[in-house]
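Me: Please take a close look with me at how one part of this structure is put together. I am in my first year, and plain words would help.

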Amino acid sequence: MSSTTFQVLTKGKFAQLTDEQRVALQAVASQHDVFSARFTEEGTVTYERALNGFTFRVLIPADEKEPEDVVHAMAEELCTAAVRRLGADCRDLQSVSTDRASIKINRKGR
């Protein structure tokens, strides 16, 4: 079996937020803006101050033959944990993934 790494992008919405949760999330929103977006093994959560939704980016090591729904389930589990560490809960998760081995980089000037 050959292993690979998938880039998984999970989008979701915050579950019903209390006023206290809103204040807490908005207080650290600058640490979670789009400029901090990275695909990492731990994953990164980004969102805007309006708190309409969030994006979670993560790298998932898996077998090349791993079904996409299994990879998405692993990413969504990590996503839920990351959002809970921020003091909120999430809903309506949707994931898309790309096998990093299939990404081609076109370099100009060659």
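Reply: Let's begin with one rung of the sheet: leucine 9 has valine 96, in β4, as its bridge partner. Before we go on, note that this is a predicted model, in which local features need pLDDT of at least 70 and side-chain atom pairs count only at pLDDT 80 or more, while totals for chains, interfaces and linings use all residues. Residues are numbered from 1 along each chain as its sequence is written, and side-chain values use heavy atoms, with hydrogens and water left out.

That rung fits into a wider pattern, since β1 and β4 pair in the antiparallel sense over eight bridges. Two strands pair if DSSP finds at least two bridges between them. Strands of a sheet pair through backbone hydrogen bonds, either parallel or antiparallel. Here, four strands make an open sheet in the order β2-β3-β1-β4, with antiparallel pairing. β2 and β4 (90-99) are the edge strands, each pairing on one side only. From one strand to the next, the twist averages 25°.

The protein chain holds two helices and four strands, which follow the pattern β-α-β-β-α-β along the sequence. These elements are DSSP runs, numbered from the N terminus: helices are H or I with at least four residues, and strands are E with at least two. Helix α2 (residues 68-85) lies across β1, β2, β3 and β4, running at about 135° to β3. Such angles run from 0 to 180 degrees between N-to-C directions, with axes fitted to C-alpha atoms, for helices over the stretch in contact; contact means heavy atoms within 4.5 Å.

Now for the aromatic rings, where the structure holds two pairs. In one, the ring centres of phenylalanine 14 and tyrosine 47 are 5.5 Å apart and the planes are at 90°, so the pair is edge-to-face. Because phenylalanine 14 lies in strand β1 (residues 3-14) and tyrosine 47 in strand β2 (residues 44-47), the pair ties together parts 33 residues apart in sequence. The rings of phenylalanine 14 and phenylalanine 54 have centres 5.1 Å apart and planes at 55°, so this pair is tilted. Phenylalanine 54 lies in strand β3 (residues 54-63) and phenylalanine 14 in β1, so parts 40 residues apart in sequence are tied together.

The rule behind these labels is that rings of Phe, Tyr and Trp (its six-membered ring) pair if their centres lie within 6.5 Å; planes under 30 degrees apart count as stacked, over 60 as edge-to-face and the rest as tilted. Phe14, Tyr47 and Phe54 form one aromatic cluster.

How buried are these rings' residues? Phenylalanine 14 is buried, with a relative accessible area of 5%; tyrosine 47 is buried, with a relative accessible area of 5%; and phenylalanine 54 counts as buried at 4%. Buried means under 20% relative accessible area, exposed over 50%, and partly exposed in between (1.4 Å probe, protein chains only). Of the 110 residues of the protein chain, 37% count as buried.
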